[in-house]
Amino acid sequence: MATLRRLLARQEVIIALTIIILSIFIGLVNPSFFSIPNVFRILRSGIIVGMFAMGVLIVLISGGIDVSFPAIAVSAMYITVVFIRDTGIDSLVLSFVVAGLIGLALGLFNAFFIALFKLPTLIVTLGTLSLFRGLLLFFVGSQRIRIAEVSPVLSDLSRGNLITIDNPAGGVANLHIAFVFLVVLAVIVWLLLRYTMLGRAIYAMGGDLEAAERVGFNVRRTQFFIYGFVGLVAGITGIVYCSLSREADPFSIVGIELDVIAAVVLGGASIMGGRGTVVGTLLGVLLITLISSSLVLLGISSDWQRFVVGILIIIGTSIPVLQLRQRQRTQSAAQAV
Amino acid sequence: MVHRRSIFLVVFALTILALSFGVSFAQEATPDAPSSPGAILDVSGDWTIATVVKLTGIAWFDRMETGVNWVSEDYPNVTAFQQGPAQADAALQVQVIEDLLAQGVDALCVIPFQPETVEPVLQRAREEGVVVITHEASNQENIDYDIEAFDNSAYGVHLMEALAERMNYEGEYTVFVGSLTSATHNQWVDAAIAYQQENYPDMTFVGDKNESFDDPQQAYERMQELLIAYPNLRGVQGSASTDVVGVGQAVEEAGLQDQIVVVGTSLPSISRDLINTDAIDLISFWDPALAGYACNMLAIQQLEGTLPVTDGELPEEGFGFSNLTGYEELSLVDKVFYGAAWVDVTSENVDEWDF
């Protein structure tokens, strides 16, 4: 009994149970939910949110917040594609390197203000969100570029599949190769948070910045790492995004930040810092993806879809708050005795 | 500290450099200009006509400028030119119109960015005796006339006919709109669904109108879900220019190019690759060059006083521009002229267009 209660106190377990119950419910309404093509589809639509979430997780654990990553991603993506178009240099590795470096540079730009001027992270990244996107649209361009017309290499990536099976309902079902990027990134972040001193520093900063500094963590350097890392991840995710969507649209991606942050918080990361896990985050991403991509299967009419998504997110995010309150009540009860 | 600061300066400089590097890349392709339609009107006066577009520097309005330049070519005593703000901004467009009025143009062809914002300046223009023709603004008030490439219902029916023919008039289909509040998109699909229900009894509309929010990724993910929910889906009609792009990508990835028909409004520049792989079967749009040309023709006739309109009615024998495809036979409702100027593009002719 005690074990069960301890299990239920973990956000990951709650989210996993929610996912299972929701899946059974959707499957009862529409049995084709439990099919391999559908599983592939849901995994694929979680790739982008999942990759961004890995960066955001680190920032949230450290007690900060970053809303500028979509602008970093779209800048890195679009500048890289324009670079490919105008130079004709079409190399997969180079595009990832260029996009990663642009992302890193923009991320360090954030870190510069956050670490050296000690400005609130939300203010800085809200500012750079508009700044990066504005510079991109004004100086680089505002036109959609079809990947197939400029980069055969990225175009091949967009058609790359990890697994292809015959769909019994006709045609084929694919698991996109970009899923590998998400898995690799998740493993890296998991190792980083669990087994490195840097990871300890990130958790310590989120718990108490002052205390982390006193016990000898180099907070400034860690902040440079955190925001640089988010930028790097965003840059690479930008390239993955354009190969998944087969186009580079400078107006895309920005707007995804709320979904990503919601997924990370849903996955148990505390918005106040100090708490959060990779597994929880991935489950949060899965839940958000599941909700937003099963509305047609559930037969919910278009008029109601946004309403239903809103309700489910409110329910999902209020669970941890209620849990916390429950825990506090138990604690004070214990103290009273 | 100095050392560290210099590192940051370098990072900062690199960031700016990276961004400004992009500037030199940004260049626009110029559409090739096939020949003009040729003169069909006798023009006695010397007229200056300005076409004011929403935004300059984008392919759509570059193409329109081609049409405006044809007017000057075909009618030597007409000076037709195009102007517009460099940013999509209603206030800037008003400023452009004000400057043109100060220069003393005889007529304005306006494609308003925000119809209500330009009403006051258009009212002033008309008070000064300037002829005002608008395009893509059928509810504009302070105008002589408005001209639309087509009537929305007729266009929706046209797309349904294209879809039904390719589906052999049978099977399940669904429709996409940018949003349930996009008026024109909903007019197109409502007319299409009504036409199907009356004429093609073996076709079935499944699901609901799907919203794509003008985002090809949303259309893509929605289409993937529809493929799971409706395994017998055989056709899709898109509305936003990005709908068929997302839908076509989902169809291609599922290897269903030959089983599922995808038609809708789009532009060759964003759908060409998918048209070439047959994931998209047909797209339709209107040619901005012809729309700009037609707008100017109306302005000329209104200036010359040769428009055959009496009490808001066209003459019985009809009215139109015989050399302008889609505008040969115009209809008039209140102050709005309608053509039937949709252009269909398939893999056969997709390479003729570069916008």
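**Exercise 1. Start from one ion pair and characterise the interface between chain A and chain B.**

Solution. Begin with a single pair: A:Arg146 and B:Asp273 join their side chains in a salt bridge, at 3.0 Å from N to O. The term stands for a side-chain nitrogen of Lys or Arg within 4 Å of a carboxyl oxygen of Asp or Glu.

A word on the ground rules: this is a predicted model, in which local features need pLDDT of at least 70 and side-chain atom pairs count only at pLDDT 80 or more, while totals for chains, interfaces and linings use all residues. Residues are numbered from 1 along each chain as its sequence is written, chains are lettered from A in the order in which they are written, and side-chain values use heavy atoms, without hydrogens and water.

Step 1: count the salt bridges. Between chain A and chain B there are 6.

Step 2: look at which elements of chain A take part. Those supplying at least two residues each to the side that touches chain B include α5 (69–87), α7 (121–140) and β3 (172–176); helices (H or I, at least four residues) and strands (E, at least two) are DSSP runs, numbered from the N terminus. The largest share, 6 residues, belongs to α6(A).

Step 3: count contacts, meaning heavy atoms within 4.5 Å. Here 50 residues of chain A meet 49 residues of chain B.

Step 4: find the area. The size of an interface is often given as the accessible area lost when the parts come together. Chain A and chain B bury about 4,300 Å² between them, with 57% of it on carbon and sulfur atoms; this is the accessible area (1.4 Å probe) lost by two parts on being put together, summed over both.

**Exercise 2. Describe the overall build of chain B.**

Solution. Step 1: take the secondary structure, which comes to 10 helices and 14 strands.

Step 2: add the dimensions. The C-alpha trace of chain B spans about 80 × 65 × 35 Å along its principal axes.

Step 3: check burial (under 20% relative accessible area, 1.4 Å probe, protein chains only). Of the 355 residues in chain B, 55% are buried.

**Exercise 3. Place B:Gln196 in its surroundings.**

Solution. Step 1: locate the residue. B:Gln196 sits in helix α6 (residues 183–199) of chain B.

Step 2: is B:Gln196 buried or exposed? It is buried, as its relative accessible area is 3%.

Step 3: inspect its neighbours. Leaving out residues up to four places away in sequence, B:Gln196 touches several residues, among them B:Met160, B:Tyr173 and B:Phe205. A polar atom of the B:Gln196 side chain also lies 2.7 Å from the backbone oxygen of B:Met203.

Conventions
Buried means under 20% relative accessible area, exposed over 50%, partly exposed in between (1.4 Å probe, protein chains only). A polar contact is a pair of N or O atoms within 3.5 Å; within protein, one must be able to donate a hydrogen and the other to accept it, and residues adjacent in sequence count only if both atoms are side-chain atoms.
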